[in-house]
Amino acid sequence: MAKAPNKPQKKTKSPITSAPAAGAGKVPAKGGASVAQESGSRNAPIINIGIDRQDRAAIAEGLSRVLADTYTLYLTTHNFHWNVTGPHFNSLHAMFMGQYTELWTSTDVIAERIRALGHYAPGSYAEFSKIATVPDVPPVPPKAMEMVRILVKGHETVSRIAREFIPVAEEAGDDPTADMLTARCTVHDQTAWMLRSLLEE
């Protein structure tokens with residue numbers, strides 16, 4: 001007599017603070033810092049957008065880290081816009097302005113998605129310094145082409161971090177966040193390519 005096929009076991013949810021397996025849809029730990037505090041009050045209705053509370057918390061944590069890295073990269077790019085010197089001043093000054101403007105606009109989109117998920121968006125240097133992967137602005141402005149190298153690394157870093165959290169959103173059925181992160185990766189990849197091209201001889 002043939003055995004009945006085993007029923008697939010339901011996947012148990014692990015706490016969002018634990019380190020995930022690949023594709024587990026949970027936030028990779030970074031220093032144990034949790035910054036995306038849940039918002040709301042007794043008077044507000046419970047959020048019911050088809051995403052579990054635990055998944056919303058995990059996604060908000062991931063987006064907070066993308067926000068911290070994006071803001072740090074924005075500040076670095078704006079600093080370089082002010083302080084660039086040398087024979088490429090005009091072209092780099094203008095290029096950096098376009099890049100920091102795009103980054104600044106994107107921080108609002110990321111922060112408002114965190115709020116839509118029912119969490120507070122981090123917005124202080126203290127919070128960002130706990131969770132950002134992109135290094136802070138150099139204390140002494142580097143030479144123009146070193147600025148370009150630093151920005152290449154910064155855009156590549158933000159792209160990698162954003163990609164880590166796309167599976168988190170996809171597993172929770174959060175298509176808007178997954179789409180937004182995919183779009184951010186496209187921007188960062190393209191910007192890194194354009195900057196990298198300046199370094200080629």
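In this predicted model, Glu102 and Arg184 pair up through their side chains, making a salt bridge with N and O 2.6 Å apart. Glu102 sits in helix α2 (residues 89-116) and Arg184 in helix α5, so this contact ties together parts that lie 82 residues apart in sequence. The two partners differ in how much of them shows: Glu102 is partly exposed, at 28% relative accessibility, whereas Arg184, at 9%, counts as buried because the cut-off for buried is under 20%.

A second pair, Arg196 and Glu156, also forms a salt bridge, and here the closest N and O atoms are 2.7 Å apart. This one, too, links distant parts of the chain, with Arg196 in helix α5 and Glu156 in helix α4, 40 residues apart. Arg196 is partly exposed at 34% relative accessible area, and Glu156 is partly exposed at 28%.

Then there is a pair that stays within one helix. Glu61 and Arg65 are both found in α1, four residues apart, or about one turn of the helix. Their closest N and O atoms are 3.9 Å apart in the salt bridge, and both residues are buried. Altogether, the structure holds six salt bridges.

As for empty space inside, the count comes to one cavity of 30 Å³ or more, with a volume of about 40 Å³. Helices α1 (53-83), α4 (144-171) and α5 (175-198) each give at least two residues to its lining, and α1 provides the largest share, four residues. Among the lining residues are Ala58, Leu63, Phe165 and Leu181. By type, the lining divides into seven nonpolar residues, two polar ones and no charged ones.

Key:
Residues numbered from 1 in each chain as written. Predicted model: local features only at pLDDT ≥ 70, side-chain atom pairs only at ≥ 80, totals over all residues. Heavy atoms only, no water. 1 Å grid on protein atoms, 1.4 Å probe; cavity = no way out; pocket = protein on both sides within 12 Å on 5 of 7 lines; lining within 4 Å. Points joined across faces, edges and corners; volume = space filled by probe spheres on them. Nonpolar A, V, L, I, M, F, W, Y, C, P; charged D, E, K, R; others polar. Salt bridge = Lys/Arg side-chain N within 4 Å of Asp/Glu carboxyl O. Buried < 20%, exposed > 50% of the residue type's maximum accessible area, 1.4 Å probe, protein only.
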